[in-house]
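Open the model in your viewer and keep the selection panel at hand. The stops below go one by one, each with something to pick and something to look at.

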Protein chains: 2
Amino acid sequence: MTKVTIKDVAERAGVSTATVSHVINHTRFVSEETRQRVLAAIEALNYQPNAIARGLVTNSTQTIGLLVPDITNPFFTAVARGVEDKINQHGYHTIFCNTDEDPAREDEYLRLLAARQIDGLIVVPTGMRSERLIRLAEGNLPIILLDRETPEVAAPLISVDNESGAYQATQYLIELGHQRIGILAGVETISTMELRVDGYKRALKEAGIPIEESLIVRADSRFNVGPLAAVDLPFIRHPHNQNMPNAFQALKNLLDNEFPPSAIFVTNNQMTLWALHALRESHLRCPEDLSIIGFDDHDWALLSTPPLTVIRQPIYQLGQTAADLLMKLIQQQAVQPPSLFPVELIVRESCQPPRKNSSR
Amino acid sequence: MTKVTIKDVAERAGVSTATVSHVINHTRFVSEETRQRVLAAIEALNYQPNAIARGLVTNSTQTIGLLVPDITNPFFTAVARGVEDKINQHGYHTIFCNTDEDPAREDEYLRLLAARQIDGLIVVPTGMRSERLIRLAEGNLPIILLDRETPEVAAPLISVDNESGAYQATQYLIELGHQRIGILAGVETISTMELRVDGYKRALKEAGIPIEESLIVRADSRFNVGPLAAVDLPFIRHPHNQNMPNAFQALKNLLDNEFPPSAIFVTNNQMTLWALHALRESHLRCPEDLSIIGFDDHDWALLSTPPLTVIRQPIYQLGQTAADLLMKLIQQQAVQPPSLFPVELIVRESCQPPRKNSSR
DNA sequence: CTGTTAGCGCATTCAA
DNA sequence: TTGAATGCGCTAACAG
């Protein structure tokens, strides 16, 4: 299959390459007669324009980069699907990259994507200051920050109202009568996680419940941490915090607390999975022994034991909106600074009022 | 940020662009002294080679295409992660596309990817004959078929031993004492699904159990079919079979059978989720009223009610192997025709012997 | 209404 | 040990 070029088409149609280019791109008027000749030649030779060559001259690749921590995490999967669906409607393509929350990987990917002349970038940053990302933004590469912020990068953020979601979750537990409420949080560099801690604290404060540091537990919030049950993904230690426990260990520690909580707010979907495992292994029951409310819903949350009460985020819509906004930036259209998406409390069966004899 | 090119570097270093190119690519000897000058210039100007321009002349883009039905299906997500991890080790990038099992979308993506001069393609085909895919393969584009076959495309297939997996699943149910065993299968154009039906039939035959067509139920096996519980994905009808019921309806129909089965083999993860929902809505219990065995494991399968007995596939490894093989094809290395990966029966709690009074 | 020409940024052949 | 020159396939002035 020897490549057929615009030149071949031009020769066969007896016109110049310029004319062929123009009928393809509808970029100047061509008489109907020659237009048909060109079209016939294209058809006959089965000509496909070379997008790379075009990109070199138009200085655009119709390609965007999508940087996420781990596509395997259902949250980022749905986001990716939203991005791809929307970006595809504009004839663009998406290159996806997994950073595993590793600044070094993030940096390397950014370098490669820039070399590839992507037209835009949607990134869930690791949260560590990235010189390269800052420079890229300053260099006017269209960028959308997704889910999280990152230092010194001036780009629109598409995210959910995390603080409010956490506040709602915590308040719900308080309304049920809980006084000792724990929180399973992620690493401090992830802005989303910090906002969720903030919301948690605000709810407690408003209810006049003292904030107890021993009930605020940190864990590695990533999806592929530790030996999972069902998927043979590789185990990857946290890049900039090797000692960060996974949610399984973290929750076990919390339950070993002298005065363990009667309820816990878990700040992402994967940690919720792990927490449920930890509970089961401790022969404790949910919600009888411990109420659990998770952040981020999941198809299987309805079928787990017990069905999970969660804060649901409009994930797919997040991805679509990010892509929409990015396209506008690319096309140099004016964009409104985006507002935060609302979240929703989905009450199922993993929370109930605390026992009277509170120390189990 | 005005682009700095190889020319700028050459000028600053006082050499020709050829020399700069050669120090970058280590493609001919350059004296240490000038090499250092060039390197210094690159550093000073913060020069990044333009991969598009390079691609135009080397006729390679270091990019592959990945076509899957729906990245949102955890099976394809893990595969995608495997592909990306491996492909990235070779400095390649992955463009991902969702076909939704739609031949038209598949065709359009293939066209665009070809125009983009991808160096290789990993595709989970819809199964409908694709003229374009056939021509691409004939045109010596390196292609790997993933999970499924497709007519007339001569390309290595990376897949699991589906027939054997289905056989094992069915045999397990038979050993438990089941005689009326149903199967929830997908559309007939998907080769994987047909192999699973084959394995199911073989197990029955060997056990001397007659095959009953009314127990073989077809459903739309896709992930984003119908209004899901947790994720706001759009509802998409089956492209070439608008009337195909989803697993929820299909299972309900099966349970309405005059002599319903005492056990059922569900042929993919998403249909298992739906089946569980259908059961719950019918106020039937698993495994007391109906034993269920699923194909493909899932992180949440362990936590569902009941914990699911499944056939587990090495998904991540599938993706990695496909990428490995594709790289070899791209590099024109010799490749062995791949063999099928074995699957594994994971016994949990969703199956038990049938009741004595078999008609509930 | 259409053709000629000059690059886009780079790798590479041929000379030196 | 290095440069000059050519062209990858295409678009976009500029001419006519």
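Select Thr19(A) and DNA strand C. A polar side-chain atom of Thr19(A) sits 2.7 Å from a phosphate oxygen of the strand. Bear in mind that this is a predicted model.

Now go to chain B. Pick Ser21(B): an N or O atom of its side chain is 2.8 Å from a phosphate oxygen of DNA strand C. Then add Asn25(B). Here a polar side-chain atom lies 2.9 Å from a phosphate oxygen of DNA strand C.

Next, show everything around the strand. How many residues surround DNA strand C? The count is 26. The closest are Thr19(A) and Arg28(A) from chain A, with Ile6(B), Tyr47(B) and Arg54(B) from chain B. Color these surroundings by class: twelve residues are nonpolar, eleven polar and three charged.

Turn on the helices. In chain A, select α2 (17–25) and α4 (51–58); in chain B, select α2 (17–25) and α4. Each of these four supplies at least two residues of the surface near DNA strand C.

Now look from the DNA side. Which parts of DNA strand C do the atoms within 4 Å of the protein belong to? Sugar or phosphate accounts for 61% of them, and bases for the rest.

Leave the DNA and select the contact between the two chains. Chain B brings 73 residues and chain A brings 74. About 6700 Å² is buried between them, and carbon and sulfur atoms give 58% of that area. On the chain B side, highlight Arg81(B), Asp299(B) and Trp300(B). These three lose the most area to chain A, together 13% of what the chain B side buries.

Stay on Arg81(B) and add Asp70(A). The two form a salt bridge, with their closest N and O atoms 3.0 Å apart. Four salt bridges are found across this interface. Polar contacts link 27 residue pairs across the interface, counting pairs with both residues at pLDDT 80 or more.

Which elements of chain B should you show here, as giving two or more residues to the side that touches chain A? Select these:

- helices α4 (51–58), α5 (74–89), α6 (103–115) and α7 (131–138)
- helices α11 (269–281) and α12 (315–330)
- strand β2 (93–98)

Of these, α5(B) gives the most, with seven residues. Last, color the chain B side by class: 35 residues are nonpolar, 22 polar and 16 charged.

Definitions and conventions
Residues numbered from 1 in each chain as written. Chains lettered and ligands numbered in written order. Predicted model: local features only at pLDDT ≥ 70, side-chain atom pairs only at ≥ 80, totals over all residues. Heavy atoms only, no water. Contact = heavy atoms within 4.5 Å. Buried area = accessible area lost by both parts, 1.4 Å probe. Salt bridge = Lys/Arg side-chain N within 4 Å of Asp/Glu carboxyl O. Polar contact = N/O pair within 3.5 Å; in protein donor to acceptor, adjacent residues only side chain to side chain. Nonpolar A, V, L, I, M, F, W, Y, C, P; charged D, E, K, R; others polar. Near = heavy atom within 4 Å.
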